[in-house]
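Student: I have a structure to examine and should like to understand the terms used to describe it. May I ask for the reasoning behind each one?

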Amino acid sequence: ETDVDNDFIEAKSASLGNLVWYDMNEDGIQDAGENGVESVRVYLLDATGARVKLNGADVFTDTNSSGEYIFNGLNPLEEYAVEFDLATLPSGYEVTLEGEGIEEQDSDGNAETGKTEMVSLNAGEVNSNLDLGIYSSSAHIGDYFWIDLNANGIQDAGEEPVVGAKVELFDAEGNP
């Protein structure tokens, strides 16, 4: 028996990824000079929002030294999202504004969950639009209080610190 009505198509796999970056001006947009963040864990999520598993383990990757990540070999017939593991952000950093501009340049992770919205992929597509911006959630002021023996305003070798000195912070109007 011969059957000529069986057609098979093998679709090219797709990829998903991009960047976690330091949003220095807290505007939710990747600007020139805003560097990537290394070692942030990113999980791949399926169409139900659950973490994708491979051999019983969660599928994840960590951002590289440039802040980039990628998931390769994805099925273009499925929807995916990613979850940025907020516990792996550098200490003192929070998620910036979400969805503030052009898709290729804005932050996509939810500040509470780290999850992005679902995306559909095409065969052979490399979707590099799921990003996360972070910013420092606190400012720090202070340095070193020392005895300037030669009164040159520069901390020279051998100039000792002042121990136990009281330092006060004042606002723009001079109020403590």
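The dialogue that follows takes up salt bridges, burial, surface patches and backbone angles in turn.

Tutor: Please keep in mind throughout that this is a predicted model.

Student: What makes the pair Arg51 and Asp58 a salt bridge?

Tutor: A side-chain nitrogen of Lys or Arg must lie within 4 Å of a carboxyl oxygen of Asp or Glu. For Arg51 and Asp58 the N to O value is 3.3 Å, so the pair meets that definition.

Student: Why is Glu83 said to form a salt bridge with Arg51, and what does the pair tie together?

Tutor: The closest N and O atoms of Glu83 and Arg51 are 3.2 Å apart, and the limit is 4 Å, so the term applies. Glu83 lies in strand E7 (residues 79–84) and Arg51 in the loop between E2 and E3, so the pair ties together parts that are 32 residues apart in sequence.

Student: Which residues are linked in a network of salt bridges?

Tutor: The network links Arg51, Lys53, Asp58 and Glu83. In the whole structure, a search finds 5 salt bridges.

Student: How do you know whether Glu83 is buried or exposed?

Tutor: Buried means under 20% relative accessible area. Glu83 has 12% relative accessibility, and therefore counts as buried. Its two partners in the discussion above fall in another class: Arg51, at 30%, is partly exposed, and Asp58, at 23%, is also partly exposed.

Student: What makes Lys166 and Glu168 a salt bridge, and how is each of them classed for accessibility?

Tutor: Their closest N and O atoms are 3.5 Å apart, which is within 4 Å, so this too is a salt bridge. Lys166 has 71% relative accessibility and counts as exposed, because exposed means over 50%. Glu168, at 43%, is partly exposed.

Student: Why is Asn129 called buried, and which residues does Asn129 contact?

Tutor: The relative accessible area of Asn129 is 17%, and the limit for buried is under 20%, so the word is justified. Asn129 is placed in the loop between strand E10 (126–127) and E11. Apart from neighbours within four places in sequence, Asn129 is in contact with Gly17, Asn18, Glu103, Glu104 and Asp108.

Student: Glu103 is named there. What makes Glu103 partly exposed, and to which surface patch does Glu103 belong?

Tutor: Glu103 has a relative accessible area of 35%, which lies between the 20% and 50% limits, so the middle class applies. Glu103 forms a negative surface patch with Glu98, Glu104 and Glu117. Asp and Glu count as negative, which is why the patch carries that name.

Student: Why is the patch that contains Ile147 called nonpolar?

Tutor: Val, Leu, Ile and Phe are among the side chains taken as nonpolar. The patch is made by Phe145, Ile147, Leu149, Val162 and Val167, so each member fits that list. Its area is about 500 Å². Patch residues need over 30% relative accessible area; Ile147 has 45% and is partly exposed.

Student: What makes the phi angles of Glu26 and Asn55 worth noting?

Tutor: Most residues other than glycine have a negative phi. Glu26, however, has a positive phi of about 55°, and Asn55 likewise has a positive phi of about 55°. Glu26 lies in the loop between strand E1 (14–22) and strand E2 (41–45), while Asn55 lies in the loop between strand E3 (53–54) and strand E4 (57–58). With a relative accessible area of 80%, Asn55 is exposed.

Note on methods: Residues numbered from 1 in each chain as written. Predicted model: local features only at pLDDT ≥ 70, side-chain atom pairs only at ≥ 80, totals over all residues. Heavy atoms only, no water. Patch = residues over 30% accessible without salt bridge, like charges linked within 9 Å, V, L, I, M, F, W, Y side chains within 5 Å. Areas by Shrake-Rupley, 256 points an atom, 1.4 Å probe, with all protein chains shown as cover. Charge placed at Lys NZ, Arg CZ, Asp CG, Glu CD. Buried < 20%, exposed > 50% of the residue type's maximum accessible area, 1.4 Å probe, protein only. Helix = DSSP H or I, 4+ residues; strand = E, 2+ residues; numbered from the N terminus. Contact = heavy atoms within 4.5 Å.
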